[in-house]
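Visitor: I would like to learn how to read a sheet and its cysteines. Can you walk me through one case?

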Amino acid sequence: MTGSDPRGRGAADEAWQELRPRLAAEAVALLGAEEADLFLTRAEVALHDVHEPLAVLYGDTADVDALFGRALRTALAAAAERPADLRRLDRRREIDPTWFQSPRMQGYVCYVDRFCGALSELPTRLDYLAELGTTYLHLMPLLAPRPGENDGGYAVADYRAVDPRLGTMADLEKVARALHERDMSLCIDLVLNHTAREHAWAQAWLAGDPAYAGFYTAFPDREMPDAYDATIPEVFPDRAPGSFSWVPEALGGAGGWVWTTFWPYQWDLDYTNPDVTLAMLGEITWLANRGVDVFRMDAVPFMWKRLGTTCQNQPEGHRLLQLLHALTRLAAPGVIFKAEAIVSPEDLVPYLGGHERYRPECELAYHNQLMVMLWSSVATQDARLAAQALGRMPQIPPTTSWVTYVRGHDDIGWAVSDTDAGAVGGSGFGHRRFLNDFFSGRFAGSFARGALFQENEVTGDARISGSAASLCGIEQALESGDAAALERGLRRLVLLHSVIYSFGGIPLLYMGDELALRNDTGYLDDPERAPDNRWMHRPPMDWSAAARRADRGTLEGRVFGWLQRLGEVRRELPALRGGGEVRILDVGNDAVLAWLRRHPRSGTFVGLANFSPAVQTVDADTVTGFGTFEPVLSSDGRPDLRADRLLLPGLGFAWFAEP
């Protein structure tokens, strides 16, 4: 292909024209004429999302066109193995490619064992999830982990097996079918950056199998590890300092420093080797053919390394996601990716394809900034920092959506930038320190019952563990018997959810928050879990508490009822579908966060959240659009309008929309 740029469109077109006749014959043989035509059409549409990343990533070390053929054939083989029911689902989603942006999309996140014991029992609990309006179920790590310590399941020993304590892969397939019968989607975690050292790839690499040469990275001495570590932030500084671990069996038994960004038993894959990329593609498509609809792509910022950098958010990492996304959707076009990228706002939007020109990577990403700013506002009773930080975030591509959440399975890291803190007269370091003090209960007058996670006494950095209810003050109020404090805690919990249900995108409800479950100390009795206080906010599901959900006189009934109502109203508001625009409003009150949501095919929505326990007033005309917006839901009945001011009760919320 002389005379063409190996990274340009001309090179991709040439490679496709040369490959297409042979690939077409293979596709017809494997899929039949009709399905083959669909596959080839998808390949042509995705041509540049496959060939160009291959050229960028591997053009200097490999035959790009040969890799192009291998990649497409890997996708073709997976397409041929895709079950008929999933192909029908693919066709529906190709007709409606923004299916995940619907305002009826509402998520629930749980650990299988904590929720119902085993995968085989999960279908019996779908009625409960349906009561909440759930259409998207995210099951926390369930692929077979290494024995013993395994980072909460994120040290995967086999991508094609389920943790035997939870069931079998056949059980997972039954869960997927049961969900699809109810028009629900299945999301699971896929760990891309690393495998457990016990994984077959890692063991073959250690044994010197040439087929797995270059799957992992090891250095014979500390020269290069020290050079990399000089600029790489430590993830677990107290228990796993640095990014490399000594492995005596590495490098043919001579020993070597293996790249381990997280824990010593989690070995980073080396994606500079295209064999690793195609091997991971095989695992993704195999799982997609078991019925997985959404992959939570774990630790994606860490997938590509460069000396002299933080080894996060590298341009090649984005190209790698673009490549895996395009190839996966050739085989399973109904499948989407969700980026687990807990990074700065500037670094986050590119994982949704937001580059100088749009390049598809992930359809979904966690809105970590919103989550952090909500908790900051709860602690300060002030929404100025939230308005500043959220107001300067770039809009995301209209083909993508945020995933909004109050709480997740992980600790909370305070992504408060110095720029945003300075803009409201504070300091980033000082505010992060305050939030840790407040939510760990160190700050005088704090109502929160959280705990510091991974505290670094040298730098002062730490993160926070604790359930949403306990961080909102519900645990403290119940222990003290303070009814007024309990009411405030409940209102905080509902207030936070009112924002994530109405900010746009897919709201995710973390298991137990719908019942205000508090911190669980039972993890301390488990030697494997005791060193990790994140298990305090991963309690077993309390089904006795769930039995009280219909009784509005109970704490559980009040919270459950409010979340049901938020979901019901949300589903009737087209402005809250994904793909719309969010704009932060100035309503003349620092305690109130206000946002406007608009979708090109619907009217306008305005949301208000008062983080002060006292009544606040806001500019009525800004909120109501000079009388064109009507209240559709609020915490305390119809909002009170007095002259040109709208009254918002303490820790209250209100939603307005065009009729």
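Guide: We take the sheet, then the helix across it, then the cysteines. Keep in mind that this is a predicted model.

Visitor: In what order do the strands of the open sheet run, and what is the pairing?

Guide: Strands of a sheet pair through backbone hydrogen bonds, either parallel or antiparallel. Here 5 strands form the open sheet, in the order β18-β19-β20-β25-β22. The pairing is antiparallel.

Visitor: Which are the edge strands?

Guide: They are β18 (581–585) and β22 (630–634). Each pairs on one side only. From one strand to the next, the twist averages 20°.

Visitor: Over how many bridges do β22 and β25 pair?

Guide: The antiparallel pairing of β22 with β25 (residues 653–657) covers 4 bridges. For a landmark, find Pro-631, which stands opposite Phe-656 in β25.

Visitor: Which strands does helix α22 lie across?

Guide: Helix α22 (residues 555–571) lies across β22 and β25. Its direction is at about 150° to β22.

Visitor: Now the cysteines. How many disulfides does a search of the whole structure find?

Guide: The count is 0.

Visitor: Why does Cys-110 have no bond to Cys-116?

Guide: Compare the sulfur separation with the cut-off: a disulfide needs two cysteine sulfur atoms within 2.5 Å. Cys-116 holds the closest cysteine sulfur to that of Cys-110, but the two are 6.7 Å apart, so they are too far for a bond.

Visitor: Is Cys-110 buried or exposed?

Guide: Cys-110 is buried, because its relative accessibility is 0%.

Visitor: What about Cys-362?

Guide: The closest cysteine sulfur, in Cys-187, is 11 Å from the sulfur of Cys-362, again too far for a bond. Cys-362 also counts as buried, at 2% relative accessibility.

Definitions and conventions. Residues are numbered from 1 along each chain as its sequence is written. This is a predicted model: local features need pLDDT of at least 70, side-chain atom pairs count only at pLDDT 80 or more; totals for chains, interfaces and linings use all residues. Side-chain values use heavy atoms; hydrogens and water are left out. Two strands pair if DSSP finds at least two bridges between them. Helices (H or I, at least four residues) and strands (E, at least two) are DSSP runs, numbered from the N terminus. Axes are lines fitted to C-alpha atoms, for helices over the stretch in contact, and angles run from 0 to 180 degrees between N-to-C directions. Contact means heavy atoms within 4.5 Å. Buried means under 20% relative accessible area, exposed over 50%, partly exposed in between (1.4 Å probe, protein chains only).
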